[in-house]
Structure formats: structure tokens, C-alpha cells
Amino acid sequence: MTTNKEILILDPGNAFGLERRTNPFINDSMTMFDQYDLAKTDLSSIQALIIPEFVDQRFLAKHKGLIKQFLNDQKVIIFCGHLYIDWLPGASHFIPKTINHYTDYALTIVKDQGIFAGVNPDDMTYNKGVSGFFARGHHPIPADAEVLVTLPNNEPVTYIDRKTTKGTILVHAGKDLIWYYKQNKTTDRISEQLLQWIHLEIQALHQGSKNV
């Protein structure tokens, strides 16, 4: 299978993704593919993979060599969800947050990297008065990773890893960042700003100097 798009979003095929498959947010630079077509897809023109929260991680573990090679070709991977099996270079398994009070889910933007620019952390923490929708745990970070968002006690919810491979990995321990829109809150900025960041990161990798 081939594509002339720059960004590939893996489609887990679950019921939660029905609206996303016809979503107008998917523009000329993006396409969605069935996750099980990954191993038989020509990735030469693909510069970024977006891997959503409901992806079949056991399938990806069978093809972790493909994932590693993709990154070492100086490309970008964005993974959102709870990693529970080894397939993503440098990444550790998800650790759920121990909760004693709803404020234990409170988020802090440590560095926005453009992705979280102008986003109110309270809009991330709370949805219709309930906390915990954005993230309910964290992944321990690899050495020299850049932390963007934390839970209390500096637990890293979102981080960028530019050191483990020749490419760039963005890991988010929560819901898919690429679909944050239509909430009528400052979080509506996240999807578009993430897409802008992806294009800038691709450009930096092509030029041989990663964004810092």
C-alpha cells in the first residue's frame, strides 16, 4: 500500500473512531490507515506516525523493528495512551495515578513547545466539572527527555524524546491530542497546534537540527 501523504494516523477500528474517519480536520497532509496495514505500507513518503490510544499494542510489538527503523530514518512518532508492552523505543510502561482527591489529577504545563500555547491547565484537568479526562497517570521518561505537562509530584504526562533515536518521539499518557477540538475551551487549540508542531519537527529533522 502506498500514500503520498506526509502524516499517517493509524486507525484502531474501534467504535470510538467512527466520527474520526470522516473528520474534516484530516487535511491534505494527513491520511488514516487501518493499523493492520502498517507492515505492508510503503512508509518512504510518510514523515510522521500518529498512534492513538486504542491501537493494538501487541500487533505493534510484533513490528517494533519497523517502528525503530522509522524513527532512525529521522521521522516523528506521536503516541497517546497507556503503554503496557514494549514496542516504542525509550518508553516505559504506564503507571496509574494514585488518587486521594480530585485535585490529584491537576495538570501543570511545564513547557508548551507551541502545542499547549494559550491553553488553560484547568481546561485540561476538568471537563464538565469532572477531573481526570486528560490524563490519569504517567510514563517514566527516558534520559534527557523534555517534559511538557505534569501531574502533581512532577509525574510526566507529556514528553518529547529526541535522544533515544535519530527521530523524535512525543508520548502523551492520555487521550489522543490530535482530536482535541469542539470543546469550546482553550483545549480546542491543542489539535491544530500539535499539527503545526509536527510539521516544524519534520522540517527540523530534514535540516539535520532537531527543535529544542
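R162 is buried, with a relative accessible area of 11%. This is a predicted model. R162 sits in the loop between β11 and β12, and its salt-bridge partner E201 lies in helix α4, 39 residues apart from R162. The N to O distance between the two side chains is 2.9 Å. E201 is buried as well.

R162 also meets E146 in a salt bridge, at 2.8 Å from N to O. This second pair again links distant parts of the chain, since E146 belongs to strand β10 (residues 146-151), 16 residues from R162. E146 has a relative accessible area of 13%; that is under 20%, so E146 counts as buried. K111 joins in too: K111, E146, R162 and E201 form a network of salt bridges.

Now follow E201 into its helix. Helix α4 covers residues 189-206, 18 in number. From first C-alpha to last, α4 reaches 26 Å, close to the 26 Å expected. Its buried residues include I190, L194, W197, I198, E201 and L205. An α-helix has 3.6 residues a turn, so residues three or four places apart point the same way. The buried residues of α4 pack against six strands: β1 (7-11), β2 (30-34), β3 (48-51), β4 (76-80), β11 (155-161) and β12 (168-172). After α4 comes G208, with a positive phi near 85°.

The structure holds six salt bridges. One of them joins D37 and K40, with the closest N and O atoms 3.4 Å apart. Is each partner buried or exposed? D37 counts as buried, at 15% relative accessibility. K40 is exposed, with a relative accessible area of 54%.

Terms used
Residues are numbered from 1 along each chain as its sequence is written. This is a predicted model: local features need pLDDT of at least 70, side-chain atom pairs count only at pLDDT 80 or more; totals for chains, interfaces and linings use all residues. Side-chain values use heavy atoms; hydrogens and water are left out. Helices (H or I, at least four residues) and strands (E, at least two) are DSSP runs, numbered from the N terminus. The expected span of a helix is 1.5 Å times one less than its number of residues. Buried means under 20% relative accessible area, exposed over 50%, partly exposed in between (1.4 Å probe, protein chains only). Contact means heavy atoms within 4.5 Å. A salt bridge is a side-chain nitrogen of Lys or Arg within 4 Å of a carboxyl oxygen of Asp or Glu.
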